[in-house]
Amino acid sequence: RAARSDTTEARATGSGHPVKSPMCENFVGAAHPGAETLVEVGSVVKEGETQCIIEAMKILNEIETDKAGTVVQILCVNGQAVEYGQPLFVIE
């Protein structure tokens, strides 16, 4: 898992504001199976808007953006295990 986290960190460097995971477990990009993803590259988001879900111990935790802007990178895929503090998205 460390190699995946290091790769994600490397991809997240550069300009933009990283939205980081506040917890460990599984990244979920949609509100429910079969639904469209909550955000895509190019999506304009407002501060406090839900960008993804982290499923931890069968509880779905909505992850909100802490900055308004445009999503320029999505750094995780559905079902990927994420670590505390790992960048999930980059917003400009």
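1. Contact here means heavy atoms within 4.5 Å. With that in mind, and remembering that this is a predicted model, a reader new to the structure may start from I54, which touches S21, M23, C24, E25, N26, F27, I59, L60, N61, I63, V82 and L88 when residues up to four places away in sequence are not counted.

2. I54 also belongs to a wider grouping, for it is listed, together with F27, C52, V82, L88 and F89, among the residues with the most contacts inside the largest nonpolar core, a core of 13 residues. Two elements, β4 (50–56) and β8 (87–91), give two or more residues to this core, and β8 gives the most, with 3 residues.

3. One of the residues touched by I54 is S21, which is found in the loop between β1 (17–20) and β2 (25–28). Is S21 buried or exposed? Its relative accessibility is 2%, and because buried means under 20%, S21 counts as buried. Apart from neighbours within four places in sequence, S21 is in contact with I54, V82, E83, Y84, G85, Q86 and L88, and of these I54, V82 and L88 are also named among the residues with the most contacts inside the core.

4. Turning to the strands, an open sheet is formed by 4 of them in the order β5-β4-β2-β7, with antiparallel pairing. The edge strands are β5 (59–64) and β7 (81–82), each of which pairs on one side only. The antiparallel pairing of β2 with β7 runs over 2 bridges, and A81 in β7 is the bridge partner of N26, a residue that I54 also touches.

5. Further antiparallel pairings involve β6 (residues 69–74), which pairs with β3 (residues 44–45) over 2 bridges and with β8 over 3 bridges. V44 stands opposite T70 in β6, while the bridge partner of I74 is F89 in β8; F89 is itself one of the residues with the most contacts inside the largest nonpolar core.

6. The cysteines deserve a separate remark. How many disulfides does a search of the whole structure find? The search finds 0. C52 is in no disulfide, since the nearest cysteine sulfur, that of C76, is 7.5 Å away, whereas a disulfide needs a pair of cysteine sulfur atoms within 2.5 Å. C52 counts as buried because its relative accessibility is 0%, while C24, at 36% relative accessibility, counts as partly exposed.

How values were computed: Residues are numbered from 1 along each chain as its sequence is written. This is a predicted model: local features need pLDDT of at least 70, side-chain atom pairs count only at pLDDT 80 or more; totals for chains, interfaces and linings use all residues. Side-chain values use heavy atoms; hydrogens and water are left out. A nonpolar core is a set of buried Ala, Val, Leu, Ile, Met, Phe, Trp, Tyr and Cys residues joined through side-chain atoms within 4.5 Å. Buried means under 20% relative accessible area, exposed over 50%, partly exposed in between (1.4 Å probe, protein chains only). Two strands pair if DSSP finds at least two bridges between them.
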